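Grab your favourite viewer and work through these exercises one at a time. Each has a task and then a solution that goes step by step.

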Amino acid sequence: MSITNAGARGRAAATLRVDWPACKGRGFCHELLPEIVDLDEWGYPIINGVVPPELIGLAKEAVRTCPTLALHLT
Amino acid sequence: MTLRIHAGPQLLAGLRESSSYPAHRDYFGEVPVADRDTLIQSLESVRGRGGAAFPFATKLRALGASNRPVVVVNWAEGEPASHKDAALARVRPHLVLDGVQIVARAYRAREVHIVVPKERPAVVDAVTAAAQQRRHPKRFKVHLADDRFVAGQARAVLELMAGRPNLPVTAWQPEAYSGHRGRPTLLSNAETWAHVALRMMRPDSPATTLLTMGGESAAPDVREVEIGTSWSKVLGSWSPDAPILVGGYHGTWTSVRRLGKLPVDHDTMRMAGVPLGAGVLLAPAPGECPMTMTARLARYLADHSAGRCGPCFNGLPAMAAAVSDLAHGRGEQARVEHFFDVLERRGACAHPDGTVRLVRSLVTAFPAEVAAHRAGGCSFAERRHDPGESVA
């Protein structure tokens with residue numbers, strides 16, 4: 001993937017945060033980032049740990065494509 | 001309901017018939033004037049009394065040099081078993097407003113918002129009347145919070161003030177940086193403001209805290225105790241084996257014996273795993289045991305979810321059902337515990353976390369009782385619970 005190296009320049013670890021009232025459990029984030037986003041029994045995301053540098057690009061895409069704009073990278 | 005307000009060492013000292021402004025000024029003297037540095041130094045020991053025990057001076061430091069922050073008195077007391085702020089509204093409303101005045105002056109704040117609970121009309125009336133008696137009554141804007149457990153949550157209060165539904169939203173920044181309409185905001189619980197006033201007007205007085213006992217009864221008691229007092233002294237006549245819920249509906253189960261070994265102190269209690277919260281102490285109601293009371297409270301807390309965050313909206317009713325099933329001898333403890341990880345830190349506010357704290361503390365503090373219920377019995381109540389009893 002072309003985005004593998006994005007954001008890997010020694011920055012502090014990024015974290016995905018969910019705006020819970022906005023999240024409607026559509027699951028796009030899990031589709032894009034199964035490595036760090038699981039879904040609970042109702043389809044809402046469970047974020048496991050920080051975003052590793054090699055996944056920053058995908059994490060940004062997940063933030064961009066969330067249908068309810070409920071995902072934030074901090 | 002009859003609120004029994006006991007005389008105490010500081011906030012509840014010198015109670016007279018009148019809580020009027022002149023009587024208050026007679027007793028406490030004039031409102032002192034202090035600059036910001038003096039305030040921060042003097043208020044180092046004041047902890048937030050809304051439940052989180054957050055250091056008040058830290059909030060002041062976060063405001064930094066910002067001028068005209070919005071000042072908010074959170075008098076909403078959304079927890080039905082808590083009555084300490086209602087007590088202050090009745091007997092010491094002006095002490096709360098003194099605290100506001102001292103800080104508002106130092107920070108050149110013009111706007112003071114007071115959020116009061118709609119379902120407690122006596123509080124609404126007392127606070128509104130007190131604000132009218134002050135020198136600048138127009139500075140105070142009174143808002144009515146909804147009758148909902150989470151209505152007093154800080155962000156829910158700011159939503160109400162902004163004219164939106166009185167429900168929690170995600171906080172991306174502390175309210176000191178971005179609060180009411182994005183402005184620096186200083187929001188604290190009513191009792192906290194009273195302690196601020198006391199510390200500035202009586203600097204040598206010992207630190208105290210308010211407690212509500214029997215908050216679900218027809219005659220709750222509100223007491224003031226010095227920080228550092230032994231719980232064994234406060235609880236006096238309680239049986240050592242009695243179960244006690246410390247911190248209210250979002251609180252922690254323990255026994256009177258265990259609590260009796262601790263002092264009334266935020267940090268010591270937190271480290272012992274029994275945080276004081278907003279100072280609510282509850283015992284099971286007649287006919288209830290810790291297990292059935294927890295089932296009742298878990299159901300109540302599920303009903304009081306704002307219904308906006310998926311894990312809370314779906315998970316609290318599911319956990320409440322699992323607790324009820326366990327209480328009635330037809331569920332598994334593992335099913336209940338499954339929800340702890342599912343719910344914690346997965347909401348805009350701490351409502352799911354507080355509900356998990358309550359349920360987790362039950363299985364931690366009373367494993368034998370939980371096991372007895374799983375087997376269809378109950379070691380507290382004399383009557384056995386009918387496994388066929390309908391789930392509320």
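**Exercise 1: a strand pair and its crossover**

Task: Find the bridge partner of B:P117 in β4(B), then work out how the chain gets from β3(B) to β4(B).

Solution. One thing before you start: this is a predicted model.
- Step 1. Start at B:P117 and look across to β4(B), where its bridge partner is B:A145.
- Step 2. Now take in both strands: β3 (residues 112-117) and β4 (residues 140-145) of chain B run parallel, paired over 6 bridges.
- Step 3. Trace the chain between them, and you pass through helix α6 (residues 121-133) of chain B; this β-α-β crossover is right-handed.

**Exercise 2: just past the strand ends**

Task: Which residue forms a salt bridge with B:K118, and where do the two partners sit?

Solution.
- Step 1. The partner is B:D146, with the closest N and O atoms 3.3 Å apart.
- Step 2. B:D146 lies in the loop between β4 and α7 (154-161) of chain B, while B:K118 lies in the loop between β3 and α6 of chain B, so the pair links parts of the chain 28 residues apart.
- Step 3. Check accessibility: B:D146 comes out at 30% and B:K118 at 45%. Partly exposed covers the range between 20% and 50%, so B:D146 belongs there, and B:K118 does too.

**Exercise 3: long-range salt bridges**

Task: Are the partners B:E191 and B:R49 buried or exposed? Then look at the pair B:D267 and B:R47.

Solution.
- Step 1. The side chains of B:E191 and B:R49 meet in a salt bridge at 3.4 Å, N to O.
- Step 2. This pair ties helix α8 (residues 190-201) of chain B, home of B:E191, to the loop between α2 and α3 of chain B, home of B:R49, across 142 residues.
- Step 3. Buried means under 20% relative accessible area. B:E191 has 0%, so it is buried, and B:R49 has 1%, so it counts as buried too.
- Step 4. Widen the view: B:R49 and B:E191 belong to a network of salt bridges that also includes B:K84 and B:D85.
- Step 5. On to B:D267 and B:R47, whose side chains meet in a salt bridge at 3.0 Å, N to O. B:D267 is in helix α11 (residues 266-271) of chain B and B:R47 is in the loop between α2 (36-42) and α3 (56-63) of chain B, 220 residues apart.
- Step 6. B:D267 has a relative accessibility of 35%, so it counts as partly exposed.
- Step 7. For the full tally, the count over all chains is 21 salt bridges.

**Exercise 4: an open sheet**

Task: In what order do the 6 strands of the open sheet in chain B come, and why is one side of β1 and of β9 left without a neighbour?

Solution.
- Step 1. The order is β1-β7-β6-β10-β8-β9, and the pairing is mixed.
- Step 2. β1 (4-5) and β9 (252-255) of chain B stand at the edges, each with a single partner strand, so one side of each has no neighbour in the sheet.
- Step 3. Zoom in on β9(B): strand β8 (residues 243-246) of chain B pairs with β9(B) in the antiparallel sense over 4 bridges. Within that pairing, B:P243 has B:S255 as its bridge partner.

**Exercise 5: open and enclosed space**

Task: What lines the second largest pocket, and what lines the two largest cavities?

Solution.
- Step 1. The second largest pocket has a volume of about 560 Å³. Its lining has 21 residues, with B:Q101, B:R105, B:R135, B:H136 and B:R139 nearest the centre.
- Step 2. Sort that lining by class and you get 10 nonpolar, 2 polar and 9 charged residues. α5(B) gives the largest share, 5 residues.
- Step 3. Turn to the cavities: there are 4 of 30 Å³ or more. The largest holds about 130 Å³ of space and is lined by 17 residues, with A:C23, A:R26, A:G27, A:C29 and A:C66 nearest its centre.
- Step 4. By class, the lining of the largest cavity splits into 11 nonpolar, 4 polar and 2 charged residues.
- Step 5. The second largest cavity holds about 80 Å³. It has 13 lining residues, and B:P168, B:A306, B:C309, B:C312 and B:C349 are the closest to its centre. That lining divides into 8 nonpolar, 4 polar and 1 charged.

Methods:
Residues are numbered from 1 along each chain as its sequence is written. Chains are lettered from A and ligands numbered from 1 in the order in which they are written. This is a predicted model: local features need pLDDT of at least 70, side-chain atom pairs count only at pLDDT 80 or more; totals for chains, interfaces and linings use all residues. Side-chain values use heavy atoms; hydrogens and water are left out. On a 1 Å grid over the protein atoms alone, a cavity is a set of points where a 1.4 Å probe fits but cannot get out, and a pocket is an open set with protein on both sides within 12 Å along at least five of seven lines; lining residues have an atom within 4 Å of a point. Grid points are joined across faces, edges and corners, and a volume is the space filled by probe spheres set on the points. Helices (H or I, at least four residues) and strands (E, at least two) are DSSP runs, numbered from the N terminus. Ala, Val, Leu, Ile, Met, Phe, Trp, Tyr, Cys and Pro count as nonpolar, Asp, Glu, Lys and Arg as charged, and the others, Gly among them, as polar. Two strands pair if DSSP finds at least two bridges between them. A crossover is right-handed if, with the strands pointing away from the viewer, the path from the first strand over the helix to the second runs clockwise. A salt bridge is a side-chain nitrogen of Lys or Arg within 4 Å of a carboxyl oxygen of Asp or Glu. Buried means under 20% relative accessible area, exposed over 50%, partly exposed in between (1.4 Å probe, protein chains only).
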